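Got your viewer open and a selection tool to hand? Let's take a walk through this structure, one stop at a time.

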Amino acid sequence: MSENTMKRSRFVAFWIIGLSINLGLILGLYYAESTIGINDFSDNISLPLYTIIPGALVILGIWAITVSDKIKEIQKKSLILLVISFTLWFAAEQTWNLYEHVLDIDPYPSIADLFYLAAPITMFFSLILFLKPFKKQISKKIIVFASTISIIILIPTLIATYTFGIEDNFFEILVALLYPIVDSILLIPAIVAISFTILNKRSLFWIVILIGILVLVAADVIFLFAIIDDTYTDGHPVDILFISSYTVWAFTMYYLVNNSKSSNLERIDPVQNKKYQTKKFEKYGVIITIIIINIMVGIILISMNYYLEINPEENITTYFSWTLIMLVVLFSSFIIVLNSKLNFTLQKRTRALEETTENLIKAERFSAIGTLASRLAHDLRNPLGIIMTSNSMIKRKSTDAQILKNTKFISRSVDRMEHQINNVLDFVRVHPIKIENISIQELVNESLKNMTISEGIVIIKPQNDLKIHCDKEQFLIVLYNIILNAIQKLEGTGKITIVCESNDNQNIIKIQDTGEAIPKNLMEKIFEPLFTTKHQGTGLGLASCKQIIKEHKGTIYVENNPTTFIIKIPKEMKI
Amino acid sequence: MTQIIIIDDEVDFTEILKDYCEMSDIEVVGIGHNGQDAINLCKDHSPDFMLLDLSMPQFDGFYALENIRKWNNTIKIIVLTGLLTESSVKNLDQYEIFATLIKPVDPDEIIKKIKNT
């Protein structure tokens with residue numbers, strides 16, 4: 001089992017244990033309430049439960065949004081909508097708490113109803129966004145099935161609600177009817193998604209989210225009937241269902257956050273990061289703002305509680321103060337976390353962008369120069385042809401020794417120019433390699449055919465012969481360039497030895513010369529494009545060689561004492 | 001005496017090559033500067049050889065090859081070109097080319113090719 005999957009399974013185990021402990025605790029509380037009775041159960045237990053759990057859900061959700069770039073389970077838009085729906089539920093519960101526990105009123109329809117109704121609708125859109133990319137994979141049967149189930153649940157609840165509220169005014173009935181309607185609308189994509197995720201073995205995340213939805217819808221239905229029967233009191237067991245779905249969702253958000261940490265996105269090393277330290281204002285601005293807000297809230301609260309007598313209703317002021325303090329602390333810490341994360345992301349992006357831009361400019365410049373060079377090289381061929389032909393003509397017509405000597409200079413210069421042009425074109429041109437089976441001796445002979453070799457230079461050709469797999473034209477360029485380099489280095493006298501051998505899986509060609517050694521610091525540099533020590537070199541010859549050998553999946557390097565270019569290419573190449 | 005025509009958009013080159021060929025006892029019966037010239041000269045003189053450049057304005061070497069090979073399979077064509085790319089080699093394969101030489105060409109090599117037949 002790989003380390004990753006082990007980590008994952010450990011995480012899932014931890015997750016399930018945590019969830020069961022949490023739900024167990026809630027169940028235990030209710031059990032304790034029903035058997036021994038706890039004083040002020042609704043104020044001491046269900047009020048905090050309805051505040052803390054949805055609150056944690058919202059915070060974890062927002063945290064998940066901050067790391068959404070690393071989350072694979074859900075698209076960003078869908079996640080944002082999901083968290084908005086959580087926030088709406090949180091707001092709804094808090095408004096409800098305010099009415100029920102602080103103001104001791106029961107307005108209907110109220111803002112709480114607005115929040116309660118908006119939340120499932122937002123979640124519905126989140127699910128639709130999630131399902132959109134898989135539109136084609138979802139069969140119509142599943143949609144029909146989901147709609148049927150939701151209608152089966154909808155009709156009796158609608159009828160029950162309607163008959164219950166028949167004496168109310170129209171608007172009140174309408175709001176009451178909206179609840180089952182909204183729930184059944186949410187149920188359709190939820191059922192579609194749950195069957196889809198289970199069938200396609202998608203992540204645990206969605207399955208749990210969807211279970212939460214089903215639990216919530218069930219809770220809503222039970223709640224509705226409890227209201228109709230007038231058996232609902234605060235602390236009714238149906239609360240367990242509501243709280244369970246919030247808890248389950250909170251855990252999914254935690255799962256997302258935790259999973260994002262283990263995702264293998266790049267880590268930035270601190271040394272490089274130093275360069276991109278943010279400026280002072282960016283660094284401290286947010287913190288200072290938060291401190292100012294905190295101080296101001298503190299002043300307002302203190303003055304409200306101790307100096308002013310705004311509201312004689314003590315209860316409200318205390319409740320309001322505590323809620324405000326809690327919210328300010330929570331959101332401040334959240335903003336700090338978010339800000340640091342944003343800064344970090346920004347730095348990372350900025351650096352990546354700078355690097356990309358730099359590379360792009362470089363690449364563009366190189367390609368422009370490359371195009372220009374190859375066109376120039378190509379265009380020079382025609383005038384060079386004219387010079388060459390004219391020169392040959394003069395050579396043939398003239399008997400004057402001086403003129404003949406000059407024509408020799410001209411043809412040597414033309415040869416040199418031709419070689420340089422070929423260098424440029426060899427380097428710029430992109431060839432797909434055409435592998436043939438060919439003898440090394442044949443290759444060496446052919447590459448020497450077009451070379452002018454001065455008399456003082458002895459070339460020892462390979463004694464044995466090997467058949468190698470290579471692109472003939474390309475390999476000729478390699479041999480030609482290396483041998484020509486050696487000839488130029490020898491300056492008229494010396495020996496060049498070409499040896500071929502093979503080991504288990506490679507053919508090896510060595511080209512030795514008796515010339516000067518190559519300085520150690522240049523041994524790799526000589527293969528870089530545009531590097532040259534000769535005043536007439538293009539710096540492309542050996543670079544082309546390296547490129548060609550690389551295309552043959554081989555290696556080329558140089559050793560000293562004696563100076564030897566070593567080419568190794570694999571014996572087996574696809575023909 | 002062997003009769004040839006020379007087709008290349010580089011006027012100086014055709015002139016000097018003509019002189020060189022004549023010096024080597026090869027009769028140059030026509031000089032052209034694009035693919036259409038090549039077709040006309042070929043029809044008028046039916047020479048033994050044609051030296052043909054590939055990249056020329058308006059009607060290029062391929063245009064001439066395509067046309068000439070429809071009715072004349074005897075003329076020996078030597079292609080002189082600045083650049084041989086993979087695709088141009090592939091295209092040339094279908095026209096039965098006598099020889100392909102890359103510019104700058106040593107004129108003696110051309111003469112050798114013609115004389116050795």
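The tour goes from a helical core to a second core, then to a sheet and finally to the contact between chains. Keep in mind along the way that this is a predicted model.

**Stop 1: the largest nonpolar core**

Start in chain A and select L57(A), F86(A), L186(A), A190(A), A193(A), W249(A) and A250(A). Within the largest nonpolar core, which has 62 residues, these touch the most other members. Now colour the elements that give two or more residues to this core: α2 (41–66), α3 (76–103), α4 (111–131), α6 (170–199), α7 (204–229) and α8 (238–262) of chain A. Which of them provides the largest share of the core? It is α2(A), with twelve residues.

For a closer view, centre on A250(A). Leaving aside residues up to four places away in sequence, A250(A) touches I53(A), A56(A), L57(A) and L60(A).

**Stop 2: a second core**

Next, select I498(A), I549(A), F565(A) and I567(A). They are among the 33 residues of a second core, separate from the one you just left.

**Stop 3: the five-stranded sheet**

Switch to a cartoon view and look for an open sheet in chain A, whose five strands run in the order β2-β4-β5-β7-β6 with mixed pairing. Select β2 (457–460) and β6 (555–559) of chain A to mark the edges, where each strand pairs on one side only. From one strand to the next, the twist averages 15 degrees.

Zoom in on β6(A) and β7(A), the latter being residues 563–570: the two pair in the antiparallel sense over five bridges. To see one bridge, pick T555(A), whose partner in β7(A) is K568(A).

Then add the helices that pack on the sheet. Helix α14 of chain A, residues 472–490, touches β2, β4 (494–502), β5 (506–513) and β7 of chain A. The direction of α14(A) makes about 20 degrees with that of β5(A). Helix α15 of chain A, residues 541–551, touches β6 and β7 of chain A, and its direction makes about 135 degrees with that of β6(A).

**Stop 4: where chain A meets chain B**

Finally, show both chains. Here 16 residues of chain A are in contact with 17 residues of chain B. On the chain A side, select α11 (314–397) and α12 (401–428), each of which supplies at least two residues. The largest share of that side, twelve residues, comes from α11(A). Colour the chain A side by residue type and you should find six nonpolar, seven polar and three charged residues.

Conventions: Residues are numbered from 1 along each chain as its sequence is written. Chains are lettered from A and ligands numbered from 1 in the order in which they are written. This is a predicted model: local features need pLDDT of at least 70, side-chain atom pairs count only at pLDDT 80 or more; totals for chains, interfaces and linings use all residues. A nonpolar core is a set of buried Ala, Val, Leu, Ile, Met, Phe, Trp, Tyr and Cys residues joined through C-beta atoms within 7 Å. A residue is buried if 20 or more other C-beta atoms lie within 10 Å of its own, exposed if 12 or fewer, and partly exposed in between; C-beta atoms are placed from the backbone. Helices (H or I, at least four residues) and strands (E, at least two) are DSSP runs, numbered from the N terminus. Two residues are in contact if their C-beta atoms, placed from the backbone, lie within 7 Å. Ala, Val, Leu, Ile, Met, Phe, Trp, Tyr, Cys and Pro count as nonpolar, Asp, Glu, Lys and Arg as charged, and the others, Gly among them, as polar. Two strands pair if DSSP finds at least two bridges between them. Axes are lines fitted to C-alpha atoms, for helices over the stretch in contact, and angles run from 0 to 180 degrees between N-to-C directions.
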